[in-house]
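Reader: Please select one part of this structure and examine it closely, then follow its connections outward. I should like the criteria behind each term to be stated along the way.

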Amino acid sequence: MSDKTYLDWPFFEDRHRRIERELDAWAAANLAGVHEDDVDAACRTLVRKLGGAGWPRYAIGGTAYGAAYEVIDTRVICLVRETLARHSGLADFAFAMQGLGSGAITLFGTEEQKRAYLPRVACGEAIAAFALSEPGAGSDAGALACAARADGDAYVLDGEKTLISNGGIADFYVAFARTGEAEGSRGISAFIVDAATPGFTVAERIEVIAPHPLARLSFKNCRIPRSRLLGVPGGGFKVAMRTLDIFRTSVAAAALGFARRALDEALQRATARTMFKQKLADFQLTQAKLAQMATDLDAAALLTYRAAWLRDQGKTITREAAMAKLTATEAAQTIIDGAVQIWGGLGVVSGQPVEKLYREIRALRIYEGASEVQQLIVARELLRDVAASQARNAASGDSGPAGRRETA
Ligand SMILES: Cc1cc2nc3c(=O)[nH]c(=O)nc-3n(C[C@H](O)[C@H](O)[C@H](O)COP(=O)(O)OP(=O)(O)OC[C@H]3O[C@@H](n4cnc5c(N)ncnc54)[C@H](O)[C@@H]3O)c2cc1C
């Protein structure tokens, strides 16, 4: 029932449309029967099912390691997330985490690391996780305190991570720890930590409003072979940011999927519900709501697929990805709230699709950079451009637009 006209936009090629069509049909046939009462079991099932059908091949890069393409195609990742999110939040989560948890290996891994992990991620045999956040370092990730000291042929990790998705069920974690080459973000390194490593424990499971596996992790005298260092010592923050660059845009796409489902549900209810001898959709107040929801959704989708398309052209998309995540997650929250309103009392009954969406969307405005962080990124990029332009004008003796205004 979903409006698919966005697939006609020039951001997409025929292969993108084909992938979306195939995934939509696969999701309709395979996701409805997955019981979500036990999220650990459901996630394991979903990772296996997705892997069996080959979908995580799009979340990694390098055909020699089981990927669909040599380089991750951001538009495909976004289309897969949008489509899965429309069908099942947990399926989107399972796919996204295979990508986020292994993205650093695709981007920075050695040949040996790629061969050891990526094929198992691609077929759903290994579950991946990304462990950056700590109790004292969330938005300010560069302030992380978990420490790694070099000791012979190993690094020894001591510290904590929290709010880690797939915590408790992951087979390996890409974890970030302070190695101290420099102050702040320049003194952090990235490591691959197998879940069975002595000294690594899941300290606490965390329950959230849209249940999925989430945990606080503990590292105590946890020895990681040097061969599991990802990238160069002190380069871990760059590893984290490059990985997030890909997946931040895909968070926007997941928000689009939730919002699109909410709009479908709102349209369906508004055209079915009779009140005051009319359909709810006959009232102009309802039509205004639906029009705003559809318009906000298209605006968010345009920003999202612009960012994805630009990245696939090899462009840096720091500003565009931030605009997309900010707009799509905030718009989706409002659209879903509108759908709950149209559903009335039924909209807040546990288990109704719009009630589930209402819980699913909330965390997307917080993780992988809260909305305020995205605003700061956009502003920083704008102000950097202005400063560069003013410096160029000063060097060429032109006082620039501000100077011209003074003399006008
Ligand atoms: C469901 C869920 C899953 C997660 N999964 C993972 C994961 O897999 N791996 C991982 O490493 N982390 C994960 N996280 C952690 C997530 O990345 C952090 O929650 C996020 O970075 C925010 O950090 P914080 O919670 O410490 O909030 P804080 O850093 O304390 O920020 C609190 C609030 O302050 C505001 N804020 C932030 N910066 C500014 C600013 N400069 N100016 C004004 N206001 C500001 C924002 O509104 C923000 O929400 C997950 C979180 C959730 C909720």
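Author: Glu-125 is a suitable starting point: leaving out residues up to four places away in sequence, it touches Arg-120 and Asp-171, where contact means heavy atoms within 4.5 Å. The structure is a predicted model, in which local features need pLDDT of at least 70 and side-chain atom pairs count only at pLDDT 80 or more, while totals for chains, interfaces and linings use all residues. Residues are numbered from 1 along each chain as its sequence is written, and side-chain values use heavy atoms, with hydrogens and water left out.

Glu-125 sits in the loop between helix 5 and strand 1; helices (H or I, at least four residues) and strands (E, at least two) are DSSP runs, numbered from the N terminus. Its relative accessibility is 55%, and it therefore counts as exposed. The classes are buried, under 20% relative accessible area; exposed, over 50%; and partly exposed, in between, with a 1.4 Å probe and protein chains only. Although Glu-125 and Arg-48 are 77 residues apart in sequence, their C-alpha atoms are 6.7 Å apart in space. Just after helix 5, Gly-124 takes a positive phi of about 80°.

Helix 5 itself spans residues 111–122. Its twelve residues reach 16 Å from the first C-alpha to the last, close to the 16 Å expected at 1.5 Å a residue; the expected span is 1.5 Å times one less than the number of residues. The buried residues of helix 5 are Gln-113, Lys-114, Tyr-117, Leu-118, Val-121 and Ala-122. Because they cover an arc of only 130° around the axis, they fall on the same side of helix 5; the arc is that of the directions from the helix axis to the C-beta atoms. An α-helix has 3.6 residues a turn, so residues three or four places apart point the same way.

What covers these buried residues includes two helices, helix 2 (39–53) and helix 4 (89–108), together with strand 4 (172–178), strand 5 (188–194) and strand 8 (229–230). Helix 4 is the place of Thr-106, which counts as buried because its relative accessibility is 13%. Apart from neighbours within four places in sequence, Thr-106 is in contact with Ile-60, Gly-61, Ile-72, Lys-114 and Leu-118. Lys-114 and Leu-118 are among the buried residues of helix 5. With Gly-61 there is also a polar contact: the side chain of Thr-106 reaches the backbone nitrogen of Gly-61 at 3.3 Å. A polar contact is a pair of N or O atoms within 3.5 Å; within protein, one must be able to donate a hydrogen and the other to accept it, and residues adjacent in sequence count only if both atoms are side-chain atoms.

On the other side of the loop that holds Glu-125 comes strand 1, and this leads to the ligand. Strand 1 (128–131), strand 3 (154–165) and helix 10 (371–396) each supply at least two residues of the shell around the ligand. Of the 19 residues around the ligand, those that come nearest are Phe-130, Ser-133, Ser-139, Leu-163 and Glu-372; a residue is near if one of its heavy atoms lies within 4 Å. Two polar contacts involve oxygen atoms of the ligand: a polar side-chain atom of Ser-139 at 2.7 Å and a polar backbone atom of Leu-132 at 2.9 Å. A nitrogen atom of the ligand lies 3.0 Å from a backbone N or O atom of Leu-163. Taken alone, the ligand exposes 980 Å², of which the protein buries 65%. Accessible areas come from the Shrake-Rupley method with a 1.4 Å probe; for residues, only the protein chains shown count as cover.

Two loop residues deserve mention for their backbone. Asn-166, in the loop between strand 3 and strand 4, has a positive phi of about 70° although it is not a glycine. At 2% relative accessibility, Asn-166 counts as buried. Glu-368, in the loop between helix 9 and helix 10, likewise is not a glycine and has a positive phi, of about 55°. Its relative accessibility of 15% means that Glu-368 counts as buried.
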